[in-house]
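User: I'd like to practise reading a structure with you, one feature at a time. Could you give me the general idea at each step and then show me the case here?

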Amino acid sequence: MTPAIDIQELTVSYDGADVLHRVSGAFPGGALCAVIGPNGSGKTTLLKTIAGLLMPKSGRIRLLGTATQRIAYMPQHAGFDRTFPIVVRDVVAMGLWPRGGRVRRLTGAQRDEIEAAIAAVGLTNVADLPIGALSGGQIRRVLFARAMLQDAAALLLDEPFANVDSDTTAFLVEIMRRWQQEGRIVVTVLHDFELAHKHFGWTMLLAHESVGCGPTASVLTSENLGRARDLCDRCAADRNFWAAA
Amino acid sequence: MIYDLLVAPFAEFTFMKRALAACIALALGGAPIGVLLVLRRMSLMGDALAHSVLPGAALGFVVGGLSLPALALGGVVAGLVVALLAGMASRATGLMEDASLAGFFLIALAAGVLIVSLAGNSVDLTHVLFGNVLAVDAMSLTLVVGIAGLTLAVLALSWRPLIAESFDPEFMAQVGGGGRWHMLFLVLVVLNLVAGFQALGTLMALGLMVLPAVAARLWARSVWQMVVAAVAIALATGYGGLLISWHAGVPSGPAIVLTAGVAYGCSLFIGSQGGVLRRRQQVPHRHG
């Protein structure tokens, strides 16, 4: 069975107001999946709920056909302090966390794994630098290396390409492809229609509700975008999104 | 001459020996905790917690007089209760955690001062508020050394998760178990505050924990270096402060904390990582 995240009738609310209303859909492991929608449409809420950081009011999320239930979540803005005196290698090593490595010394095999993850994102030459010495794009690579070590069944990425140059974007997409080929589910919140069409075979269009969920070309239609606009009053302010649409 | 100045006070007087031993223990256990407080941006919260210890210590005082075990037990309980209540109140109401803690610690501080004033006299109040490291007896010393030993043992076992949780709490919450480490850390903070309480009083218990750590931040490139530097600074200022207190005839608590303050002041200027004078020579290396 192909791995998949299956979502049924998911409702999530903040302070009584539904941010997600009866969202249903699936994210299959067979393609890179995108979640697209204007600002305020509930994209981040959806990812956080799948990651287990938010409790749904109702509905169900299931991880099907995977060997582990581990989920890696990468927030849009890394929740850490860039002046913290910690080197790149130690940040990446945190990815081993869900699989142990809390108290005991790291084993030789774990060290090799850490170095391999650092090499895979091209940061070997800065592995010993403090995190504060890196650029935004390099920090993003650090987060990718850390996520890699989590060895998760599903990886949820919130706007990983924001403030990242096009070379790095292409490089990160390659890594995501590799994850997907390894049988992992990769779900990415995106703002960019061009990227979605080019690299993401599967898309959920979100506007509080799921307007469409399926192969990208069949979801990002002008009809669906029109419906999204009607569904989400608050989202109308996101002019860039509608201009690109 | 140098012997008279630097060694004789400790060689000749038992209470000075005990005071020095207490300072060494406080430096070894408290400075690493201070480093974590600074890295978690909780330095001021630590101060609030230090004041929260007071009502418990005051009740201990009412029951047991100026005996450290009674003061310590009361202090630990009060500190943890305030930390827990503040956390629960902020989660239940959405009030900011620091605001909630400020509310609770002020109540605790006032209640503590009231209890000591009603039950004792102004000398007792002074003792509880400002401590007196020169009055550390054998039992108090055992307690302080015991807390330092326990702290180091727990830190050795939980160092990596504590650092990881300080650095990226959101990540730790997602992979599971962020909150547990935070609670463990709070317990260690309160224990060390109680240890520092006898020597430095509730008002300055944090002095030997946080000032060396803040100073160390200006010298260290890694957390590990920061711990080593903080312990070294704490040891030096504990020793130096006692000497100054002895030779100048001033109270030991302020002497120690002010000596640590001088170390911090110097680090602000000459610290190799971000000191004002060094910073001018460097090309900024942070970008984008």
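User: How many residues of chain B are in contact with chain A?

Analyst: This is a predicted model. In it, 28 residues of chain B touch 36 residues of chain A.

User: What is the area buried between chain B and chain A, and which residues of chain B supply the most?

Analyst: The size of an interface is often given as the accessible area lost when the parts come together. Here chain B and chain A bury about 2,700 Å² between them, and carbon and sulfur atoms give 58% of that area. On the chain B side, Arg160(B), Phe167(B) and Gln174(B) supply 28% of what chain B buries against chain A, more than any other three residues.

User: How many salt bridges are there across the interface of chain B and chain A?

Analyst: Side chains of opposite charge can pair when their charged atoms come close. Two salt bridges are found across the interface of chain B and chain A. Asp168(B) makes a salt bridge with Arg146(A), with 2.9 Å between the closest N and O atoms.

User: And how many does a search of the whole structure find?

Analyst: Over all chains, the search gives 12 salt bridges. Among them is the pair of Arg70(A) and Asp151(A), whose closest N and O atoms are 3.8 Å apart. This pair links distant parts of the chain, 81 residues apart: Arg70(A) sits in the loop between E4 and strand E5 (71-74) of chain A, while Asp151(A) is in the loop between helix H4 (136-149) and strand E6 (154-158) of chain A.

User: Let's turn to the sheets. In what order do the strands of the three-stranded open sheet of chain A stand?

Analyst: Strands of a sheet pair through backbone hydrogen bonds, either parallel or antiparallel. In this open sheet the order is E2-E1-E4 (chain A), and the pairing is antiparallel. Strand E2 (17-28) and strand E4 (58-64) of chain A are at the edges with a single partner strand each, so one side of each has no neighbour in the sheet. Neighbouring strands are turned by 15 degrees against each other on average, direction ignored.

User: How many bridges join strand E1 of chain A to E2(A), and how many join E1(A) to E4(A)?

Analyst: Strand E1 (residues 4-14) of chain A pairs with E2(A) over eight bridges, and six bridges join E1(A) to E4(A). You can follow this residue by residue: Ile7(A) has Gly25(A) in E2(A) as its bridge partner, whereas Ile5(A) stands opposite Leu63(A) in E4(A). The hairpin of E1(A) and E2(A) has two residues between the strands, and Asp15(A) takes a positive phi near 50 degrees there.

User: Which helix lies across E1, E2 and E4 of chain A?

Analyst: That is helix H1 (residues 43-51) of chain A, which runs at about 115 degrees to E1(A).

User: And what is the strand order in the six-stranded open sheet of chain A?

Analyst: The order is E5-E6-E7-E3-E8-E9 (chain A), with mixed pairing. E5 and strand E9 (209-215) of chain A are the edge strands, each pairing on one side only. E6(A) and strand E7 (residues 185-190) of chain A run parallel, joined by five bridges. Leu156(A) has Val187(A) in E7(A) as its bridge partner. H4(A) lies across E5 and E6 of chain A, at about 170 degrees to E5(A).

User: Finally, which residues form the nonpolar patch on the surface?

Analyst: They are Leu73(B), Val77(B), Val81(B), Leu84(B), Leu85(B), Met88(B), Met183(B) and Val187(B), with about 670 Å² of accessible area together. Helix H6 (68-93) and helix H11 (178-204) of chain B are the elements that give two or more residues, and H6(B) has the largest share, six residues.

Terms used: Residues are numbered from 1 along each chain as its sequence is written. Chains are lettered from A and ligands numbered from 1 in the order in which they are written. This is a predicted model: local features need pLDDT of at least 70, side-chain atom pairs count only at pLDDT 80 or more; totals for chains, interfaces and linings use all residues. Side-chain values use heavy atoms; hydrogens and water are left out. Patches are made of residues with over 30% relative accessible area and no salt bridge: like charges are joined within 9 Å, nonpolar side chains (Val, Leu, Ile, Met, Phe, Trp, Tyr) within 5 Å. Accessible areas come from the Shrake-Rupley method with a 1.4 Å probe; for residues, only the protein chains shown count as cover. A salt bridge is a side-chain nitrogen of Lys or Arg within 4 Å of a carboxyl oxygen of Asp or Glu. Helices (H or I, at least four residues) and strands (E, at least two) are DSSP runs, numbered from the N terminus. Two strands pair if DSSP finds at least two bridges between them. Axes are lines fitted to C-alpha atoms, for helices over the stretch in contact, and angles run from 0 to 180 degrees between N-to-C directions. Contact means heavy atoms within 4.5 Å. Buried area is the accessible area (1.4 Å probe) that two parts lose on being put together, summed over both.
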